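These are my notebook entries on one protein model. I recorded what I looked up, entry by entry.

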Amino acid sequence: MKSSTTTGFASAVLLVLLCGSTVAFSLNGNYKTIIDTLAWTGDLSEIYSIIERNQIANTTIHLRSVTVFAPHNEAFLKITKQDSDDEYLPCYHITNVPMKLEQLGKSVFSELDGNPPIWITKKSPEEIYVNQAKVVYNLANYEHNNTFGKPQVLHVIDQVLQPLRMKKNSPQNVYNPNAWEFMENAEYLDLDSYHTNTFLQRVQNLDKKSVFSNQGGHTFFIPVDEVANYPKVKPEKIDVKVIDAHIVPDNVLFLGPTNEEEQFKTLAFTDMLKVFTSLSKAVEGDKTKYYVSSDTVVGDDVHPTGAVVAEIVKANIPVRNGVVHLISRPLMIVDNNVKQFIEQSYKDREDSVLHRFYEEIMNSGGDFLEKLTAMPNVTLFAPSNAAFNDQSIQPYLLNRTYIRSLLDLHIVNRRLSIDDIVAESIDKRFQVQTEVPRKDLFFNVVTSGKNRTLTLEGGGVNATVVQANLAATNGIIHIIDHVLGIPSSTVDRKLATDPTLNETNYLGQVSSLNDQLGDVQKRFTYFVPRDFAWKRLAIDNPSAYKKLFMPEYSNIARQILERHLIIADKVFTMDDLRKEANNNYNLSVHLPTVRDVSMYIKIKDSVEGYSIEWRNEWIHVHRSDVRCTNGIIHVIDKVLIDESDVEVNGAIATKSITALVLVLAQYLVFYYFN
């Protein structure tokens, strides 16, 4: 007769088979020793087999108190098997002290030769990482004594821990090195053929050995000598401060548990120089690449402000005093102008984040790059590959002349870092002129905890900065997720996503006006009051403002919005309206709006932009020609409303309700008395 444990195990295996790659077994109701649990749990068979084959690990787990970090079988499917696995992996997943999750400190010593540490990151009581691997919380803290009465603990993890390994047939053994010893003995270590001699030489020459030998837990970003398709940096540019920028003190940052874009102070962060670092990743198809960025927010004569990004070419290498990541180039060194940055980002690398941007520049003539070179201080908002691969914009890319004009929409003739934009945005919504006449960029910064998200609008398109502050000798590059100036939203979607048009969008929703604005068969020209305009109305006429936002007055709100809306067989740009006014000897222009078919306005064009005159008042057009796929929006600074709009309609509504009450009263009288 089978035991209940065996039956439970069979059910678990069946569940795993049904769920495909989902880990779905349980240790509940299990009363076996740790080694027997590994042996009898099908999803832990891989770690059991390598422990069983390794005499030291097998003996240790049978005789001593241990904690076992056991990767499930799915984790082994994600790694490439190596000949030295049986030598390195078993003992690196075992420590000789039984510890439940709540007892784990910042690190524990493994049973591998030299007792190299396993680093612990606790993001919350239920989210705990062991090096790069995440503990499967509901499969952790399994306790049982072995046959000799020694207490043992088992934690299941979702990745295989990878210790530092020696090269095959290495003439010298290196046991549990710190970061300095790692660099000093790199030729004997299995580092996927990467070398770190140049950086090592600079560390030696500048007497910086001590910062790589410091005890504790730190993160070290070590540049390799050369990576294909990445430009080489002159060694003499690696000075003392640059070396310090490659170290994050007192933080052991494995890629898995570290939040993307979270900034950490580097050793180069001082009173006079402030340098942060952060991690990020980019997914291209089935490839995921990881990057480290050094962001110099306060620079000096030698070290300019801005970010320098390097690819992490070999990650998560545990050492005695932290973790090492090998990177493609030194951080903090700025030695290319904006043109060179784009060219070298593209060169022979189809996976480069600016590959498609460079192609479109060259397809439109290439003079755009020369323009960038001639500008001593420039900010470039460069669309990513994904932005250009958006299917909705492909027809526009066929028009080379149009694309060339749009490229200038991505340039600002001054340096603008994220901090500059935040500082300018404190008291107002910041806008700045682009290289396209009358086309500004409008910025919005959203802060959530330590994270800041920068969004911008140009030519009617909203974009988010996905990689910021990339430094060049003559400017700054921000990578964005949309191509500016090519519409991708209908009028209703634009209203819903623009943070400055919330009030008009709300009234359009409650009054059902917005329902028609998604119709791609129609062409809309919409003079949209921005939130500032509604606040102005709340001050000038608080009673009218209050009524318009009451549900019972939604019909009146709709009528007022219809005064701002034109539906025709074409759209009207501000330049179209200006030309029509000129043809009329600067007299009024007829606007066939939905509500007022005989509405007339005047147009004024000045250095500050366009203005329209309505009812003897000039109203500034805050943003003109915001293009959508089915229309165009002009954002204005005042609501086109008369006092009589609310009062008259309100009176009509009151009279209608009164009449209805009287009719009902007459009906009730007739019903009860007849």
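I looked up what covers the buried residues of helix α23, and the elements in contact include β23 (523-529), β25 (589-591), β26 (599-606), β27 (609-614), β28 (617-628) and β29 (631-636). The buried residues of α23 (residues 574-583) are M574, L577 and A581. They lie on the same side of α23, because they cover an arc of only 65 degrees around the axis. I took the arc from the directions that run from the helix axis to the C-beta atoms. Buried means under 20% relative accessible area, exposed over 50%, and partly exposed in between, with a 1.4 Å probe and protein chains only. Contact means heavy atoms within 4.5 Å. Helices (H or I, at least four residues) and strands (E, at least two) are DSSP runs, numbered from the N terminus.

I noted that this is a predicted model, in which local features need pLDDT of at least 70 and side-chain atom pairs count only at pLDDT 80 or more, while totals for chains, interfaces and linings use all residues. Residues are numbered from 1 along each chain as its sequence is written, and side-chain values use heavy atoms, without hydrogens and water.

I then checked confidence: pLDDT is the predictor's confidence in each residue, from 0 to 100. The mean for the protein is 87, and 90% of its residues reach 70 or more. Among its elements, helix α1 (residues 4-18) has the lowest mean pLDDT, 40, and strand β10 (residues 247-248) the highest, 98. Residues 648-665 have pLDDT below 50, and this stretch has six contacts in the model beyond near neighbours in sequence. Residues 667-674 are also below 50, with one such contact.

Next I searched for nonpolar cores, that is, sets of buried Ala, Val, Leu, Ile, Met, Phe, Trp, Tyr and Cys residues joined through side-chain atoms within 4.5 Å. The largest has 79 residues, and L38, F182 and F212 have the most contacts inside it. A second, separate core of 46 residues includes L416, L456, A472 and L484.

I turned to N385, which lies in helix α14 (residues 385-388). Is N385 buried or exposed? N385 is buried, because its relative accessible area is 3%. A polar atom of its side chain lies 3.2 Å from the backbone nitrogen of H355.

Last, I looked for disulfides (pairs of cysteine sulfur atoms within 2.5 Å). The count by this rule is zero. I entered C91 as buried because its relative accessible area is 5%. C628 also counts as buried, at 7% relative accessibility.

Key: A polar contact is a pair of N or O atoms within 3.5 Å; within protein, one must be able to donate a hydrogen and the other to accept it, and residues adjacent in sequence count only if both atoms are side-chain atoms.
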